[in-house]
Amino acid sequence: MKGIESRVVIVTGAGSGIGRAAANLFSKNGAKVVVGDMNKEGGEETAHQIEKEGGQCIFVSVDVSKSDDVEAMVKSGVSRFGGVDLAFNNAGVALGGALHEISEEIWNKVIDINLKGAWLCMKYEIPEMVKRGAGAIVNTASIAGHQADVFSPVYTASKHGILGLTQSAALQYAASGIRVNAVSPGIISTPMSASLESDTGMKEWLMGRIAADRIGNPEEVAEAAVWLCSDAASYVMGHSLVVDGGFLSGPPFNQK
Ligand SMILES: NC(=O)c1ccc[n+]([C@@H]2O[C@H](COP(=O)([O-])OP(=O)(O)OC[C@H]3O[C@@H](n4cnc5c(N)ncnc54)[C@H](O)[C@@H]3O)[C@@H](O)[C@H]2O)c1
């Protein structure tokens, strides 16, 4: 894909699922990859997979909710590869429950990782892209960013926040040659969704809503993220690309 080869890309949450698939796909397209994750074992495994295929990468241990960590991750990319061109801010957690039952700790954790984490990543990535005079960023939202998820108001709030943040950032940095977009996965087979898949009742409920009649693969979301970062998406700004097998075209989350 044009505009990916030889570029430096930061991928967070790259130690598992969608982030790992994207890190591998960026590398297959010739990018140099900063593999960011708080899970050292998962991150190192992704870096190993990339290097085994002849790609260039570094693993950086990062908690995206911590400013110092994120700043250090971006600096590592700059010192190893000379700058930052692209970013897939994807790290996230899916926690929640009824809003009157969750603790303040859970609320803070979900917002700090899913929403503040994306802001912190952009805060440190964008100045590097400004130095280059160009850049492309993709933030991971969710179908729960487009439609309320009856199961987790805090997750819904964090992902609605990502869409607003993405659109606002797209407006602020278009003049600097930086495109900011989002990708909104549906139900994707990763460790995050394992509990949904193993709950027979839940899986049946979900399958009744997915037009594709199957759960998605992380590689299918990775394709969308890499495309949004590529030159093929040069006129796409502030957009959320939904990759959900038709989920959002069906009935709302709260309808049986
Ligand atoms: N799997 C789905 O069905 C689905 C659906 C919609 C949206 N998403 C979103 O996709 C993104 C990736 O999820 P996934 O399905 O690949 O899940 P996953 O659990 O497989 O991967 C998430 C990764 O993020 C990392 N992470 C978590 N907190 C972090 C932190 N504070 N700092 C750095 N890394 C951290 C984890 O260690 C893990 O490697 C998330 O933002 C998630 O909300 C997933």
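This tour goes from the sheet to the helices lying across it, then to selected salt bridges and two backbone positions, in a model that is predicted.

**The sheet**

Begin by selecting the seven strands, which form an open sheet in the order 3-2-1-4-5-6-7, with parallel pairing. Strand 3 (56-61) and strand 7 (240-243) stand at the edges, and because each has a single partner strand, one side of each is left without a neighbour in the sheet. If you look along the sheet from strand to strand, the twist averages 15° from one to the next. Strands of a sheet pair through backbone hydrogen bonds, either parallel or antiparallel.

Next, restrict the selection to residues 135-140 and 178-185, that is, strand 5 and strand 6, which pair in the parallel sense over six bridges. To find your place in this pairing, label G135, which stands opposite I178 in strand 6.

**Helices across the sheet**

Keep the strands displayed and add residues 17-28, which make up helix 1. This helix lies across strand 1, strand 2 (32-37), strand 3, strand 4 (86-89) and strand 6, and its direction is at about 170° to strand 1. Then add residues 153-173, helix 5, which lies across strand 5, strand 6 and strand 7 and runs at about 160° to strand 6. Strand 6 is thus among the strands crossed by helix 1 and also among those crossed by helix 5.

**Salt bridges**

Now switch to side chains; the model has six salt bridges in total, and three of them are visited here.

Select D63 and K66, whose side chains meet in a salt bridge with an N to O distance of 3.2 Å. D63 is buried, at a relative accessible area of 14%, because the cut-off for buried is under 20%, whereas K66, at 46% relative accessibility, counts as partly exposed.

Move on to helix 3 (residues 67-81) and show E71 and K75, which form a salt bridge whose closest N and O atoms are 3.7 Å apart. The two residues are four apart in this helix, so about one helical turn separates E71 from K75. E71 is partly exposed, with a relative accessible area of 28%, while K75 is exposed, with 54%.

The third stop is in helix 4 (residues 104-132), where E128 and K131 are three residues apart and so are likewise separated by about one helical turn. Their salt bridge brings the closest N and O atoms to 3.0 Å. On the acidic side, E128 is buried, with a relative accessible area of 15%; on the basic side, K131 counts as exposed at 64% relative accessibility.

**Two positive phi angles**

Finally, turn to the backbone. Most residues other than glycine have a negative phi, and most peptide bonds are trans.

Select S6, which lies in the segment before strand 1 (8-12). S6 has a positive phi of about 70° although it is not a glycine, and at 47% relative accessibility this serine counts as partly exposed.

Then select D213, in the loop between helix 7 (200-207) and helix 8 (218-229). The phi of D213 is near 65°, again a positive value in a residue other than glycine, and D213 counts as exposed at 57% relative accessibility.

How values were computed: Residues numbered from 1 in each chain as written. Predicted model: local features only at pLDDT ≥ 70, side-chain atom pairs only at ≥ 80, totals over all residues. Heavy atoms only, no water. Salt bridge = Lys/Arg side-chain N within 4 Å of Asp/Glu carboxyl O. Buried < 20%, exposed > 50% of the residue type's maximum accessible area, 1.4 Å probe, protein only. Pairing = 2+ DSSP bridges. Axes fitted to C-alpha atoms, helices over the stretch in contact; angles between N-to-C directions. Contact = heavy atoms within 4.5 Å.
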